[in-house]
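Let's walk through this structure together, one step at a time. Have the sequence and the 3D view open as you read.

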2 protein chains.
Amino acid sequence: MTSRTQRNTKAKREAPKSLDRAAWLMAAWRALARSGVEGVRVEPLASELGVTKGSFYWHFADRAALLDALLEDWERRATAAVIDRVDATSEDPRVRLRELVHFTTSVSEAPDAEHAIRAWGAVDGAARKKLDRVDARREAYVRALLIAAGVDEGVASFRAHVVYLALIGEYARVAHGGARTSLDAWEELLRMTLGPSSPRASSA
Amino acid sequence: MTSRTQRNTKAKREAPKSLDRAAWLMAAWRALARSGVEGVRVEPLASELGVTKGSFYWHFADRAALLDALLEDWERRATAAVIDRVDATSEDPRVRLRELVHFTTSVSEAPDAEHAIRAWGAVDGAARKKLDRVDARREAYVRALLIAAGVDEGVASFRAHVVYLALIGEYARVAHGGARTSLDAWEELLRMTLGPSSPRASSA
DNA sequence: TGTGTTCCATACGGTTGCGTATGGAGTTGT
DNA sequence: ACAACTCCATACGCAACCGTATGGAACACA
């Protein structure tokens with residue numbers, strides 16, 4: 001309150017420009033990962049950022065606009081980004097599959113955000129739609145990898161689904177503080193998944 | 001407002017006694033499944049039940065007490081109850097395992113509640129503790145079934161973990177409106193899981 | 001030095017929900 | 001009938017947020 005002349009002057013060394021949408025988005029991500037959708041509130045975020053609501057309502061129409069932005073941001077980073085990265089590792093689908101599992105499993109901030117969005121999707125329609133799209137895309141990718149690895153097309157869908165369910169489950173467990181699944185367990189899953197189709201396909 | 005003499009007289013045919021804890025608990029479950037922890041609020045529940053807060057604060061100390069009661073209730077129903085039921089179906093561990101999957105998968109109200117509690121556990125410490133206990137117990141049960149079914153003890157832990165992850169994933173997907181995974185997919189998982197250990201145990 | 005634009009502070013009204021205090025209507029026992 | 005007990009209604013005070021309205025400080029630019 002002594003002098004308010006330097007609000008911007010040294011707030012950030014490299015970005016002397018004042019707060020922008022991105023800063024609000026990042027803060028929103030932290031809040032989302034920490035406390036779920038209900039935790040991303042305008043005024044708390046403002047005080048965390050050291051400003052007031054006035055700033056928020058300059059960059060966003062309202063709280064819903066911020067939540068929409070979160071969803072859009074997530075859709076990008078949760079599909080194309082991951083797939084591109086995995087595709088860049090190797091041509092071998094088995095290697096790619098392993099990399100996919102290890103990567104999505106090792107990024108330490110991802111589970112919280114992902115799980116928060118899943119919980120959000122259970123309550124909100126917009127989040128639900130995004131989730132369904134992302135799920136479909138990722139599962140299809142896993143399925144394609146399995147088929148490329150020589151798994152029968154018939155069982156590939158089932159196995160891809162199961163693998164993907166396990167990944168979702170891992171996100172959920174890690175999100176509430178559970179221990180991460182060991183690499184050995186993932187390897188076992190991949191062995192079972194990439195293995196030959198079981199003897200009797202229909203046992204009734 | 002005409003006459004308030006019959007509040008109880010015909011509220012419920014069989015239970016003329018007025019509202020009790022159980023009624024509040026059920027309403028809380030519905031709210032939890034529908035909107036998550038943040039959705040279970042005293043005043044909305046009251047108006048849903050056709051009473052006022054006065055009733056609630058008679059049966060419960062505060063909102064936290066209601067949430068605790070939910071957690072306790074869930075721990076009972078999510079472990080012992082399920083295991084007892086599964087154990088009652090057969091002696092064959094394979095049949096039991098199948099029954100476990102089909103049962104936990106088919107109870108249509110369970111996924112919403114389970115997922116809501118998982119989301120809750122990501123935010124709250126008490127819920128987290130309950131979750132960890134329940135997870136450990138259920139996973140140990142699956143592991144025991146696998147071993148009883150002849151799976152090597154070495155891989156049984158890994159496979160039990162994977163199966164359990166898939167179940168959690170299923171809860172998550174169903175909770176936000178996703179389609180239930182087909183029985184065929186579950187059967188495929190069981191086939192892989194109950195099958196022999198893969199050829200090369202260490203491929204590096 | 002004026003003028004416009006960008007970004008934020010301040011202040012306000014309104015809603016929702018928590019917890020408490022208190023009384024009162026029914027019911028039960030005697 | 002009277003007292004005691006059970007269960008709920010009513011009415012407050014309080015806090016957290018949302019969204020809006022409005023002014024002002026800093027900066028650019030001419």
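Which residues form one aromatic cluster with A:F56? The cluster is made up of A:W24, A:F56, A:Y57 and A:F60. Before we look at how such rings are arranged, please keep in mind that this is a predicted model.

Let's begin with confidence. The average pLDDT of chain A is 87, and 88% of the residues score at least 70. Two stretches stand apart from that picture. Over residues 1–16 of chain A, pLDDT stays under 50, and the model has three contacts beyond four places in sequence for this stretch. Residues 200–204 of chain A also stay under 50, again with three contacts beyond four places in sequence. Where pLDDT is low, the predicted coordinates should not be read in detail.

Now for the fold. Chain A has ten helices and zero strands, so-called α-α-α-α-α-α-α-α-α-α when read along the sequence. Of its 204 residues, 47% count as buried. Take the contacts in chain A with a separation of 6 or more: residues 24 or more positions apart account for 63% of them. On the outside, chain A exposes about 10,300 Å², with carbon and sulfur atoms supplying 54% of that area.

How do the two chains relate? Chain B can be superposed on chain A by a rotation of 180° with 0.0 Å of shift along the axis, giving an RMSD of 0.1 Å. The two copies are therefore related as by a two-fold rotation axis. Both copies use the same surface, since 100% of the contact residues of chain B recur in chain A.

For a close view of a residue that touches the other chain, try B:R173, found in helix α9 (residues 153–175) of chain B. Is B:R173 buried or exposed? B:R173 is buried, with a relative accessible area of 10%, which is under the 20% cut-off. Neighbours within four places in sequence aside, B:R173 contacts A:D135, A:E139, A:H161, A:Y164, A:L165 and A:I168, along with B:G178.

Next comes the interior. In soluble globular proteins, nonpolar side chains tend to be buried together. Here the largest nonpolar core has 58 residues, and those with the most contacts inside it are A:L97, A:L146, B:L97 and B:L146. Setting aside residues up to four places away in sequence, B:L97 touches B:V142, B:L145, B:L146, B:L190 and B:L194.

Finally, let's return to the rings. Over all chains, the count comes to six aromatic pairs. In one of them, A:F56 and A:F60 have ring centres 5.1 Å apart and planes at 15°; the pair is stacked because that angle is under 30 degrees. Both partners are buried: A:F56 has a relative accessible area of 0%, and A:F60 has one of 2%.

The rings of B:W24 and B:F56 offer another geometry. Their centres are 5.2 Å apart and their planes lie at 70°, so this pair is edge-to-face. B:W24 sits in helix α1 (residues 21–35) of chain B and B:F56 in helix α3 (residues 53–59) of chain B, so the pair ties together parts that are 32 residues apart in sequence. B:W24 counts as buried at 0% relative accessibility, and B:F56 is buried with a relative accessible area of 0%.

Terms used:
Residues are numbered from 1 along each chain as its sequence is written. Chains are lettered from A and ligands numbered from 1 in the order in which they are written. This is a predicted model: local features need pLDDT of at least 70, side-chain atom pairs count only at pLDDT 80 or more; totals for chains, interfaces and linings use all residues. Side-chain values use heavy atoms; hydrogens and water are left out. Copies are superposed by least squares on the C-alpha atoms of residues with pLDDT of at least 70 in both. Contact means heavy atoms within 4.5 Å. Helices (H or I, at least four residues) and strands (E, at least two) are DSSP runs, numbered from the N terminus. Buried means under 20% relative accessible area, exposed over 50%, partly exposed in between (1.4 Å probe, protein chains only). Accessible areas come from the Shrake-Rupley method with a 1.4 Å probe; for residues, only the protein chains shown count as cover. pLDDT is the predictor's confidence in each residue, from 0 to 100. A nonpolar core is a set of buried Ala, Val, Leu, Ile, Met, Phe, Trp, Tyr and Cys residues joined through side-chain atoms within 4.5 Å. Rings of Phe, Tyr and Trp (its six-membered ring) pair if their centres lie within 6.5 Å; planes under 30 degrees apart count as stacked, over 60 as edge-to-face and the rest as tilted.
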